[in-house]
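Here is a friendly walk through two spots in this structure. Have the model open beside you as you read.

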Amino acid sequence: RVDVYGQLVRTPARGKLMGNRGVLHDKDYNIVRPWKLKMWISCVLHVDRTRKVQLDDNRAFNGRKRELMSLRHYTELFYLDEVTALATGARPCGCCRRTDYDAFKEAWSKARSVDSKFLNSATMDDELHASRVA
């Protein structure tokens, strides 16, 4: 699980949201880095919508089961709640949490006096990442 300071804490407890910072573990399930990507996102754990064919992509999981910390796949992180995710510098996922993402983007653009039409995830991720490593 990720605590409010962004530190990874080994625990069997999950949370309300899942996060992704890239591949952080090795073949022995040891965490070897705190992050690999600038993009830190928080995703829902469960969704209600269904598809005729489940795609194996990074969209909402639709009940899909996967082995945690699979070799060469991103390390699944869990946040207790939205407040914890935001405190660590993770933003809402633009796929599975579109409404939250749009609200986050709108608030971001207003706070910086930037037209949200010209704002994208990479711009927000760059600024968030710079503040995390400062």
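Helix 2 spans residues 98-111, and its 14 residues reach 20 Å from the first C-alpha to the last, close to the 20 Å expected at 1.5 Å a residue. Keep in mind that this is a predicted model.

Which residues of helix 2 are buried? They are Tyr 101, Phe 104, Lys 105, Trp 108 and Ser 109. These residues sit on the same side of helix 2 because they cover an arc of only 130° around the axis. Their packing partners are helix 1 (82-88), strand 4 (91-92) and helix 3 (121-133). Turn to the other side of helix 2 and you will find Thr 99, Lys 110 and Ala 111 exposed. After helix 2 comes Ser 113, with a positive phi near 55°.

Now for the second spot, Arg 21. This residue lies in the loop between strand 1 (17-20) and strand 2 (41-44). Arg 21 is buried, yet it has no salt bridge. Two distances help to describe its surroundings:

| Partner of Arg 21 | Distance |
|---|---|
| Asp 3, nearest side chain of opposite charge | 7.0 Å |
| Pro 34, backbone oxygen to a polar atom of the Arg 21 side chain | 2.9 Å |

A salt bridge would need a side-chain nitrogen within 4 Å of a carboxyl oxygen, whereas Asp 3 is 7.0 Å away. The backbone oxygen of Pro 34, in turn, lies 2.9 Å from a polar atom of the Arg 21 side chain.

What else does Arg 21 touch, not counting residues up to four places away in sequence? Its contacts include Val 2, Gly 6, Leu 8, Trp 35, Lys 36, Trp 40, Leu 77, Tyr 79 and Thr 88.

Methods:
Residues are numbered from 1 along each chain as its sequence is written. This is a predicted model: local features need pLDDT of at least 70, side-chain atom pairs count only at pLDDT 80 or more; totals for chains, interfaces and linings use all residues. Side-chain values use heavy atoms; hydrogens and water are left out. Helices (H or I, at least four residues) and strands (E, at least two) are DSSP runs, numbered from the N terminus. The expected span of a helix is 1.5 Å times one less than its number of residues. Buried means under 20% relative accessible area, exposed over 50%, partly exposed in between (1.4 Å probe, protein chains only). The arc is that of the directions from the helix axis to the C-beta atoms. Contact means heavy atoms within 4.5 Å. Lys and Arg count as positive and Asp and Glu as negative; His and the chain ends are not counted. A polar contact is a pair of N or O atoms within 3.5 Å; within protein, one must be able to donate a hydrogen and the other to accept it, and residues adjacent in sequence count only if both atoms are side-chain atoms.
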